[in-house]
Protein chains: 2
Amino acid sequence: MNDMTLDEIDRKILKILQADGRTALSEIARRLDMGSATIHERVNTLEAEGYIQDYRAVLDPELLGLNDVAFIRVRTEAGHFSEVAERLAEETAIQEIHELTGEADLLLKVRVGERSALTDLLSRIGRYEGVLSTSTDVALRSVKEEQRLDLPG
Amino acid sequence: MNDMTLDEIDRKILKILQADGRTALSEIARRLDMGSATIHERVNTLEAEGYIQDYRAVLDPELLGLNDVAFIRVRTEAGHFSEVAERLAEETAIQEIHELTGEADLLLKVRVGERSALTDLLSRIGRYEGVLSTSTDVALRSVKEEQRLDLPG
DNA sequence: AATGAAAGCTTAACGCC
DNA sequence: GGCGTTAAGCTTTCATT
């Protein structure tokens, strides 16, 4: 279902749509000098195979009052980190959950509108079963937050 | 230029477009029971004021061979962390750069296709002026990576 | 796989309220 | 600020290669 090989044209289409998700198919066709029905078919395939997961408007967090970013390191009971991670995934303020090598714990990226929301979240996490301890770093400034992938080619 | 107050309708528009950046204006108009010229005008304003930064296709990193995520903590010479951060921002493999409280250092999120790219990047960072040391955690598994904002309302 | 052509929608601009 | 109308442009399907 997803063992398709991308050619040069597919990669160009992905780059264009990653840069501007609303580029018209007819515009892509013009740039790549192909028929727009062809581009349409290729984009459909890229979506069906999962290369394109979604289309999103990217919103400005600060204008929307979500000013605070924090990273929380969670130590869990041995062997229970995946289980804890699955439950933490339900928390909407938690944007990222990564299982780390080394000390077998979790790293969370959190975005909240007020410090109090962070405090609340931390005490909630502290009471999760399997969580031993947390340690938190608040970001003073986020210099770069890029979601685009660095595609080769 | 951006001291606009969002009403209920603006927030609904943002939510719809954040969930699906290609929703037709006419479809939004239908859902909110308004004229599509009105929605068009509001979306233009939301874009102009910066609430909507961009539209993007979200691509699958693993299908594209970008399998490895790592977090790098960078210790810098006192007072030079912002300067180092600005230079690091040029590295395309570095997706995020955050200045942290506490120990006045930087946290980087990196995504690469091969371990060797991570090794290369680390030795490059180690040679940056103002960088004292780095310490790296590789992610075994990324359980959640959500870019959508948790909008109230 | 790629294409041109046709039908049905969508956007973007206008003038009016 | 909101609306309906309209022209231009877009997407989608389909028969053809």
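Which strand of chain B does β3(A) pair with, and in what sense do the two run? In this predicted model, the partner of β3(A) is strand β5 of chain B, residues 131-145, and the two strands pair in the antiparallel sense over five bridges. A helpful place to look is I97(A), whose bridge partner in β5(B) is K144(B). A pairing is also found with the chains exchanged: β5(A) joins strand β3 of chain B, residues 94-100, again in the antiparallel sense and over five bridges. Here K144(A) stands opposite I97(B), a residue of β3(B).

β5(B) also has a partner within chain B. Strand β2 of chain B, residues 68-76, runs antiparallel to β5(B), and seven bridges join the two. One pair to find by eye is R73(B), which stands opposite S135(B) of β5(B).

The strand pairings lead on to the wider contact between the chains. Chain A brings 62 residues to the contact, and chain B brings 62 residues as well. The size of an interface is often given as the accessible area lost when the parts come together. For chain A and chain B, about 6,200 Å² is buried between them, with 54% of this area on carbon and sulfur atoms.

Polar and charged groups take part too. Between chain A and chain B, 47 residue pairs are in polar contact, counting those where both residues have pLDDT 80 or more. The side of chain A that touches chain B draws at least two residues from each of several elements, among them the helices α1 (8-19) and α4 (81-88) and the strands β1 (52-59) and β4 (106-112). The most comes from β5(A), with nine residues on that side. By residue class, the side of chain A that touches chain B divides into 29 nonpolar, twelve polar and 21 charged residues.

Twelve salt bridges are found across the interface of chain A and chain B. In one of them, the side chains of E47(A) and R22(B) meet with an N to O distance of 3.2 Å. Over all chains, the structure holds 36 salt bridges. An example inside chain A is formed by the side chains of R42(A) and D7(A), at 2.9 Å from N to O. Because R42(A) lies in helix α3 of chain A (residues 36-48) and D7(A) in the segment before α1 of chain A, the pair ties together parts that are 35 residues apart in sequence.

Finally, how is chain A divided into domains? Its domain assignment gives domain 1, covering 8-48, and domain 2, covering 68-138. Taken over C-alpha atoms, the centres of domain 1 and domain 2 of chain A are separated by 39 Å.

Note on methods
Residues are numbered from 1 along each chain as its sequence is written. Chains are lettered from A and ligands numbered from 1 in the order in which they are written. This is a predicted model: local features need pLDDT of at least 70, side-chain atom pairs count only at pLDDT 80 or more; totals for chains, interfaces and linings use all residues. Side-chain values use heavy atoms; hydrogens and water are left out. Contact means heavy atoms within 4.5 Å. Buried area is the accessible area (1.4 Å probe) that two parts lose on being put together, summed over both. A salt bridge is a side-chain nitrogen of Lys or Arg within 4 Å of a carboxyl oxygen of Asp or Glu. A polar contact is a pair of N or O atoms within 3.5 Å; within protein, one must be able to donate a hydrogen and the other to accept it, and residues adjacent in sequence count only if both atoms are side-chain atoms. Helices (H or I, at least four residues) and strands (E, at least two) are DSSP runs, numbered from the N terminus. Ala, Val, Leu, Ile, Met, Phe, Trp, Tyr, Cys and Pro count as nonpolar, Asp, Glu, Lys and Arg as charged, and the others, Gly among them, as polar. Two strands pair if DSSP finds at least two bridges between them. Domain bounds come from an automatic or database domain assignment.
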